[in-house]
Amino acid sequence: EVQLVESGGGLVQPGGSLRLSCAASGFTFSNYAMSWVRQAPGKGLEWVSYINSGGDTTYYADSVKGRFTISRDGAKNTVYLQMNSLQAEDTAVYYCNAFSSWSGGCIVYWGQGTQVTVSS
């Protein structure tokens with residue numbers, strides 16, 4: 001059974017930090033690129049960050065660049081999102097997803113999400 005389980009969310013004050021984790025199981029983690037996507041209250045999905053399957057290429061949305069860092073640990077089948085200098089605008093449910101493509105198609109797996117609330 002494929003599972004992506006996010007953890008590490010919570011309530012944090014503006015300027016604070018959190019580290020989100022996404023533990024993967026049921027598929028070959030090393031073959032999949034990973035992303036973090038968030039959804040703020042009443043808004044649509046917003047892509048946040050991407051890391052390729054090899055872990056040597058990363059991308060960030062302009063809104064988080066310089067504050068968030070994505071990484072992955074192949075030994076633990078886990079992807080992380082280190083979030084620093086958090087702002088109220090970062091309040092959202094954060095989802096991780098796993099993506100793989102080939103000449104015939106692609107597949108995406110999603111986690112259930114973890115709530116991040118930035119408030120004083």
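Is Ser49 buried or exposed in this predicted model?

**View 1. Ser49 in strand β5 and the residues around Ser49.** Ser49, which is found in strand β5, is buried, because its relative accessible area is 0% and a residue counts as buried when this value is under 20%. If neighbours within four places in sequence are left aside, Ser49 is in contact with Met34, Ser35 and Trp36, with Tyr59 and Tyr60, and also with Ile70 and Leu81.

**View 2. The largest nonpolar core and its best-connected members.** This core holds 30 residues, and those that touch the most other members are Leu4, Met34, Trp36, Leu81, Met83 and Tyr94. Two or more residues of the core come from each of the strands β3 (18–25), β4 (33–39), β5 (45–51), β7 (68–73), β8 (78–83), β9 (92–102) and β11 (114–118).

**View 3. Leu4 and the residues that Leu4 touches.** When residues up to four places away in sequence are not counted, Leu4 touches Cys22, Ala23, Ala24, Phe27 and Met34, and Leu4 also touches Cys96, Asn97, Ala98, Tyr109, Trp110, Gly111 and Gln112. Of these residues, Met34 is itself listed with Leu4 among the core residues that touch the most other members.

**View 4. The open sheet of four strands.** The 4 strands follow the order β1-β3-β8-β7, and their pairing is antiparallel. The edges are formed by β1 (3–7) and β7, each of which pairs on one side only, and neighbouring strands of the sheet are turned by 15° against each other on average, with direction ignored. In general, the strands of a sheet pair through backbone hydrogen bonds, and this pairing can be either parallel or antiparallel. Within this sheet, β1 and β3 pair in the antiparallel sense over 5 bridges, and Val5 stands opposite Ala23 in β3.

**View 5. Gln39 in strand β4 and the surroundings of Gln39.** Gln39, which lies in strand β4, counts as partly exposed because its relative accessibility is 30%, a value that falls between the limits of 20% for buried and 50% for exposed residues. The side chain of Gln39 reaches the backbone oxygen of Lys43 at 2.9 Å. Apart from residues up to four places away in sequence, Gln39 touches Gly44, Leu45, Ala92, Val93 and Tyr95. Ser103 lies 64 residues from Gln39 along the chain, and the C-alpha atoms of these two residues are separated by 30 Å.

Methods
Residues numbered from 1 in each chain as written. Predicted model: local features only at pLDDT ≥ 70, side-chain atom pairs only at ≥ 80, totals over all residues. Heavy atoms only, no water. Core = buried A, V, L, I, M, F, W, Y, C linked by side-chain atoms within 4.5 Å. Buried < 20%, exposed > 50% of the residue type's maximum accessible area, 1.4 Å probe, protein only. Contact = heavy atoms within 4.5 Å. Polar contact = N/O pair within 3.5 Å; in protein donor to acceptor, adjacent residues only side chain to side chain. Pairing = 2+ DSSP bridges. Axes fitted to C-alpha atoms, helices over the stretch in contact; angles between N-to-C directions.
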